[in-house]
Amino acid sequence: AVVSTQKYGGRQQLFNSMANQGGPGGMQGGGNQGGPQQQGGQQSNGGGGGGGGGNNTAEVIARVLQALPNNALNNSNTNTLASTLMIIQALSGNNSGGGGGNNSMPQMPRQMSQQMQPRQQLRPFIPRPDDIKYKVEIPDSLVGRILGRQGATITELQNTSGCEIKFSQRGEYVPGTQNRLLYICGQAASCKTAQTLILAKIEGETGDVSSSEFVFEQIQA
């Protein structure tokens, strides 16, 4: 709607200001799409700007201004001006533009996100003359709990404890069993930490396996 300066007199200035700014109903068109953002391992694009306001926003402003007294918008009459803006906002609320779009990608399951995280790099083990060595039998069915996906768990165990931890070769079992030998080597305190971590991995999150059956035997030099 076009509002005549002659018809509405000094109130045209307020109308032009609100119309140019989009008014409470948002008369301008939607903004550009937001740029990419990287957070928590997830890439997303910012939502697009809000849609343009309804076509009746200008008419709402015009009707409110027309109903005001000629001196209502004097600079000294701030209370009337504030009330006028609130009325316009309330009347044009239903004509406001649509909210910005949300173009972010759906969040992936936490487990999948963790699997996609970079693997830890194995810290080099530097042997010392006073290192202690231990061995323990691990059933082949439980080896995966200690190795982890692509060796991620055993790498974590080594980095955390500071010990060297390794299994006997695949298919190389303790005679008469389906058990593989797990070897740990390091300082006494580090070996104690490694044993605790290994037993926790054997028990698993559900505790379906008792770790009391596994005994670490010291290997004499």
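So, β4 and β5 pair in the antiparallel sense over four bridges. Pairing here needs at least two bridges between the strands, as found by DSSP. Strands and helices are DSSP runs too, numbered from the N terminus: E over at least two residues for a strand, H or I over at least four for a helix. One bridge partner to look up is Cys185 in β5, which goes with Glu164.

Before I go on, this is a predicted model, so local features need pLDDT of at least 70 and side-chain atom pairs count only at pLDDT 80 or more, while totals for chains, interfaces and linings use all residues. Residues are numbered from 1 along each chain as its sequence is written, and side-chain values use heavy atoms, leaving out hydrogens and water.

Okay, back to the strands. β5 is also joined to β3, by eight bridges, and those two run antiparallel. Glu137 has Leu181 of β5 as its bridge partner, and Lys133 stands opposite Cys185 in β5. Then β3, residues 132–139, has three bridges to β6, again antiparallel. There, Lys133 is partnered with Ile219 of β6, and Tyr134 with Gln218 of β6.

Put that together and what order do the strands take in the sheet? It's β4-β5-β3-β6, an open sheet of four strands with antiparallel pairing. β4 (164–167) and β6 (217–219) are the edge strands with a single partner each, so one side of each has no neighbour in the sheet. Neighbouring strands are turned by 30 degrees against each other on average, direction ignored. For angles, axes are lines fitted to C-alpha atoms, for helices over the stretch in contact, and angles between N-to-C directions run from 0 to 180 degrees.

Now, which helix packs on this sheet? That's α8, residues 188–203, touching β3, β4 and β5 (179–186), and its direction makes about 150 degrees with that of β5. Contact, by the way, means heavy atoms within 4.5 Å.

Let's stay with α8. It has 16 residues and reaches 23 Å from its first C-alpha to its last, close to the 22 Å expected at 1.5 Å a residue. That expected span is 1.5 Å times one less than the number of residues. Ser190, Cys191, Ala194, Gln195, Ile198 and Ile202 are buried in α8. Looking down the axis of α8, you'd find its buried residues within an arc of 135 degrees, so they line one face of the helix. The arc is taken from the directions from the helix axis to the C-beta atoms. Over on the other side of α8, Ala189 and Lys192 are exposed. Buried means under 20% relative accessible area and exposed means over 50%, with partly exposed in between (1.4 Å probe, protein chains only).

What covers those buried residues of α8? The cover includes β3, α6 (143–147), α7 (152–161), β4 and β5. Right after α8 comes Gly204, with a positive phi near 75 degrees.

Back in the sheet, β3 has two faces: Ile132, Tyr134, Val136 and Ile138 are on the covered one, while Lys133, Lys135, Glu137 and Pro139 are on the uncovered one. As for β5, seven of its eight residues are buried, so it is largely enclosed by the rest of the structure.

And zooming out, the chain has eight helices and six strands. Of its 221 residues, 29% count as buried.
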